[in-house]
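Please open the model in your viewer, with a selection tool and a distance display ready. The stops below say what to select next and what is to be found there.

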Amino acid sequence: MDAPTTTSSAGNDGTGGTGGSSGDWGWFTPSRKRDEDAPQGPEQEADRSAPSRPVNPIRPVGTGAERRLPTPARPGQSEPPSPGAGAPPAGNPPAREGEEHQRPTETPGAQDVRPAGLFSDGSAGLFSDDRTASLDAVLIRRTMAEIEPIADKVTSYFYALLFVQHPYLRPLFPAAMDSQRDRLFRALLTAAKLVDDLDILTEYLSGLGRGHRKYGTQPEHYPAVGECLIGALTRYATGTWSDETEGAWVRAYTTISQIMIDAAAEDELRAPAWWQAEVVGHELRTPDIAVVTVRPDQPYPFRAGQYTSLETPWWPRVWRHYSFASAPRADGLLSFHVKAVPAGWVSSALVHRARPGDVIRLGPPTGKMTVDHSTDNGLLCLGGGTGIAPIKALVEDVAEHGRNRPVEVFYGARSDHDLYDIDTMLRLAQTHHWLSVRPVVSDGPTNGLSGRLPDAVRQYGPWNSYDAYLSGPPGMIRSGVDTLRGIGIPSHRIRHDAIEELVTAGD
């Protein structure tokens, strides 16, 4: 999954009880018993075919504004549907090594939403029962807690089912699937955490629905994904699975699917699924960092601090996320800072292979790390490595609005040599009296500050009247957020990428 309109179609919303006909369930008919004849894992994908279930047709019905979400049940109440976790991925990146700053599909409130032990970077408490949670939320989270120790098996089995039962979907996905599996379960975990936070869930899934247009995802693809998701959970969640649990997951997936379909249908009325963009500039700043400038084939609206997904002609269906390195320009050109990482298919192609005249594809802009121009708060910006790209865009945005708000930039790198954009940032500081730029180097001698970026921030301040922006590798963002909270900046004034997605964004 790339990375939270309302929900179900009228008359087909899966609001029936936990038993009943396919019409009670909505778009697909879940199994009533475990599938003993289904593939045992990806190794059986080629020689054993799992029986398929009947699928009801699925189409976008109305728009999100035309419907209202049912109120989720609380423990002890009857069974009105509640949204939940799980949404179909399409076209995510292959496996790779190393990290660079590339923007994920941002999860709203991501600084407070971290995966459980499934990915070793969050608290297992995510799946503990909550007395205030809806019954569906409790059932879904119990399922996720059970499959946590065997996540690799569950995800492999899910894709085996999907590609055996629905081989026509395979071309929507990239050739290598390792990263795809991680991204799917991260999205499931996030949705499970947000199951009762309907506004955030809707915003998150609407973004995914819009983003999935570039993969060629169609409404009729969702039932197939839902069937295989239920099939995988049925097989492996043997301790917690029941008719009630299956009903919760079916209602959740039906809700999630409709949110995404609605968002895609509405977006289709105002924007293309992708933009063609010609490379018009390629500047190699270091042996592994390039500034790539492109010209879209039609106007491309975005805001400083946002990011987009990018596909090259050399790796079809492999999309990577990059921040815009400038505020919107009068000439319509877009710039990206790209660092080639080991085994990085897209990043290596952009740094070492792309040349003026090549044509790439851009997905829609997204992200909320943007400047609030309704306040006079200062901006405290921490940019590590190529994470300086969106910070530079934010500085330009403030300059264009002419408010003279104080902006303090801490630019971190391992060595002076890695401060590839320091000259640009220092020129901006010379032009704008309200801007201060401090380079911070962690290794080796330097003309700037020495040490870790968050530690350098502690030496200055106070920062009580500042909004904070962080952009860079996951470790820097984690330590930076902890530092900023520790010095009194509240969480709602700290903006950054979704930490759990940054781990998979590098390539």
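Select glutamate 396 first, and show every residue in contact with it: leaving aside residues up to four places away in sequence, glutamate 396 touches Ser326 and Ala327. This is a predicted model, and the distances and angles quoted along the way are computed from its atoms. Glutamate 396 belongs to helix H9, and its side chain makes a polar contact of 3.0 Å with the side chain of lysine 392.

Keep helix H9 on display and add helix H10, residues 422–431, since H9 (388–401) is among the elements that cover the buried residues of H10, together with strand E1 (275–286), strand E8 (407–413) and strand E9 (435–441). Which residues of H10 are buried? Colour Ile422, Thr424, Met425, Leu428 and Ala429, which are the buried ones, and then look down the helix axis: these residues fall within an arc of 165 degrees, so they line one face of H10. The general background to such a view is that an α-helix has 3.6 residues a turn, so residues three or four places apart point the same way. On the other side of H10, select Asp423, Gln430 and Thr431, which are exposed.

From the cover of H10, move along to strand E1 and select glutamate 278, which lies in that strand. Glutamate 278 counts as partly exposed, because its relative accessibility is 36%, a value that falls between the limits of 20% for buried and 50% for exposed. Its contacts, not counting residues up to four places away in sequence, are with Thr293, Val294, Arg295, Gly357, Asp358 and Val359. If you also draw a line from the C-alpha atom of glutamate 278 to that of leucine 333, the separation is 9.8 Å, although the two residues stand 55 residues apart along the chain.

Threonine 293, one of the residues touched by glutamate 278, leads to the next selection, serine 335 in strand E5. The side chains of serine 335 and threonine 293 make a polar contact at 3.0 Å. Is serine 335 buried or exposed? At 9% relative accessibility, serine 335 counts as buried, and, again without residues up to four places away in sequence, it touches Val292, Thr293, Ser323, Phe324, Ala325 and Arg329.

Phe324, which is in that list of contacts, is also a member of an aromatic cluster, in which ring pairs link Trp275, Tyr300, Phe302, Phe324 and Phe336. Show these rings as sticks, and then turn to the rest of the aromatic residues, as the structure holds 13 aromatic pairs. One of them is formed by tyrosine 157 and tyrosine 236, whose rings are arranged edge-to-face, with 5.6 Å centre to centre and 80 degrees between the planes. This pair links distant parts of the chain, for tyrosine 157 is in helix H3 (residues 151–165) and tyrosine 236 in helix H6 (residues 222–236), 79 residues apart. Both tyrosine 157 and tyrosine 236 are buried.

Two further rings deserve a selection together with a charged partner. The charged end of lysine 214 sits over the ring of tyrosine 215, at 4.5 Å from its centre, and that of arginine 361 sits over the ring of tryptophan 274, at 4.0 Å from its centre.

The next stops concern the backbone. Select arginine 317 in the loop between strand E3 (307–311) and strand E4 (319–323), where phi is near 70 degrees, a positive value in a residue other than glycine; arginine 317 is partly exposed, with a relative accessible area of 34%. Alanine 343, in the loop between strand E5 (334–339) and helix H8 (345–352), likewise is not a glycine and has a positive phi, of about 60 degrees, and at 46% relative accessibility it counts as partly exposed. Finally, centre on proline 462, in the loop between helix H11 (453–458) and strand E11 (466–471), and inspect the peptide bond from glycine 461 to proline 462, which is cis with omega near 5 degrees.

To end, zoom out to the whole chain, which contains 13 helices and twelve strands. Of its 507 residues, 60% count as buried, and the accessible surface comes to about 19,100 Å², of which 49% belongs to carbon and sulfur atoms.

Conventions. Residues numbered from 1 in each chain as written. Heavy atoms only, no water. Buried < 20%, exposed > 50% of the residue type's maximum accessible area, 1.4 Å probe, protein only. Helix = DSSP H or I, 4+ residues; strand = E, 2+ residues; numbered from the N terminus. Arc of directions from axis to C-beta. Contact = heavy atoms within 4.5 Å. Phe/Tyr/Trp six-rings, centres within 6.5 Å; stacked < 30°, edge-to-face > 60°. Lys NZ or Arg CZ within 6 Å of the ring centre and 35° of its normal. Areas by Shrake-Rupley, 256 points an atom, 1.4 Å probe, with all protein chains shown as cover. Polar contact = N/O pair within 3.5 Å; in protein donor to acceptor, adjacent residues only side chain to side chain.
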